[in-house]
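Please look over the sequence and the 3D structure shown here, and keep both in view while you read the explanation.

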Amino acid sequence: VYNELKLTNSIALRSELGIGFAWWGSSSGNSEWAAIPELSVEPRLYYNLSKRQEKGKRIDGNSGNYVSLRCGYQPGVSISSDNSDFYPSLTVIPMWGIKRNIGKSFNYEVGVGLGYHWTYKEYTAFYPTNQTIKETDHGVIMGVRLGIGYKF
């Protein structure tokens with residue numbers, strides 16, 4: 001579920017409550033998966049709307065190319081195939097993408113980006129003592145967006 005608030009003719013603020021999907025290989029050779037809720041905010045610059053309009057192409061609903069800065073938060077809960085532990089995380093990913101309309105009410109989006117993530121872990125280490133460990137994992141992350149939307 002998302003909302004795109006028009007700030008100017010070419011700048012919008014997208015807010016989204018969605019489900020992210022992850023998959024990975026396990027040590028047993030099986031493929032595991034997880035569905036993870038996420039809240040994100042993404043300022044977008046649609047940079048080719050006037051050029052598309054001059055060519056007679058549709059621009060309604062921001063049908064065009066964009067660059068953005070996607071900021072996402074995952075609260076650390078999930079549904080997974082192997083009951084893996086997930087921790088709260090934050091991502092910041094500069095993205096490039098396209099958004100196009102299909103008919104009157106549908107649209108699709110494709111986007112890619114490379115950014116950074118932070119995962120905040122807190123757990124109890126039973127050896128050598130029962131102490132609570134707090135640590136932050138971080139690193140480069142790739143963002144991919146494939147979406148189909150319906151405009152009410």
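The paragraphs below go from the overall form to the strands, and then to the charged side chains.

The model is a predicted one, and its protein contains one helix and eight strands. Followed from the N terminus, these elements come in the order β-β-β-α-β-β-β-β-β. Along the principal axes, the C-alpha atoms fill a box of roughly 70 × 30 × 25 Å, and the radius of gyration is 19 Å, where a compact globule of 152 residues would have a value near 15 Å. Of the 152 residues, 33% are buried, and the protein exposes about 9900 Å², of which carbon and sulfur atoms supply 61%. Among the contacts with a separation of 6 or more, 55% are between residues that stand 24 or more positions apart.

The strand β4 is a helpful place to begin with the pairing, as it has partners in β3 and in β6. With β3 it pairs in the antiparallel sense over six bridges, and in this pairing Tyr46 has Tyr66 of β4 as its bridge partner. With β6, which covers residues 89–102, the strand β4 also runs antiparallel, and here 11 bridges join the two; Cys71, for instance, has Val92 in β6 as its bridge partner.

We can turn next to the charged side chains. Side chains of opposite charge can pair when their charged atoms come close. The model holds 14 salt bridges, and one of them joins Arg44 to Glu109, with the closest N and O atoms 2.7 Å apart. Because Arg44 lies in strand β3 (residues 31–46) and Glu109 in strand β7 (residues 106–125), this pair ties together parts that are 65 residues apart in sequence. Both Arg44 and Glu109 are buried, and both belong to a network of salt bridges that also links Glu4, Arg14, Glu16, Glu42, Lys99 and Arg145.

Lys99, a member of that network, lies in strand β6 and is buried, with a relative accessible area of 3%. Leaving aside its neighbours within four places in sequence, Lys99 is in contact with residues including Tyr2, Glu4, Arg44, Tyr46, Tyr66 and Glu109, and with Gly61, Asn62, Ser63 and Gly64 among the others. The side chain of Lys99 also reaches the backbone oxygen of Gly61, at 3.2 Å.

Asn62, one of the residues in contact with Lys99, is found in the loop between α1 and β4. Most residues other than glycine have a negative phi. The phi of Asn62, however, is near 60 degrees, a positive value in a residue other than glycine. Asn62 has a relative accessible area of 18%, and it counts as buried because the limit for that word is under 20%.

Which salt bridges does Asp60 form? The side chain of Asp60 meets that of Arg58 at 3.0 Å, N to O, and it meets that of Lys151 at 3.8 Å, N to O. Since Lys151 lies in the segment after β8 (131–150) and Asp60 in the loop between α1 (49–54) and β4 (64–74), the bridge between them ties together parts that are 91 residues apart in sequence. These side chains are partly exposed, with a relative accessible area of 32% for Asp60, 36% for Arg58 and 37% for Lys151, whereas Arg44 and Glu109 are buried.

Technical notes. Residues are numbered from 1 along each chain as its sequence is written. This is a predicted model: local features need pLDDT of at least 70, side-chain atom pairs count only at pLDDT 80 or more; totals for chains, interfaces and linings use all residues. Side-chain values use heavy atoms; hydrogens and water are left out. A salt bridge is a side-chain nitrogen of Lys or Arg within 4 Å of a carboxyl oxygen of Asp or Glu. Helices (H or I, at least four residues) and strands (E, at least two) are DSSP runs, numbered from the N terminus. Buried means under 20% relative accessible area, exposed over 50%, partly exposed in between (1.4 Å probe, protein chains only). Two strands pair if DSSP finds at least two bridges between them. A polar contact is a pair of N or O atoms within 3.5 Å; within protein, one must be able to donate a hydrogen and the other to accept it, and residues adjacent in sequence count only if both atoms are side-chain atoms. Contact means heavy atoms within 4.5 Å. The radius of gyration is taken over C-alpha atoms; the globule rule is 2.2 Å times the number of residues to the power 0.38. Accessible areas come from the Shrake-Rupley method with a 1.4 Å probe; for residues, only the protein chains shown count as cover.
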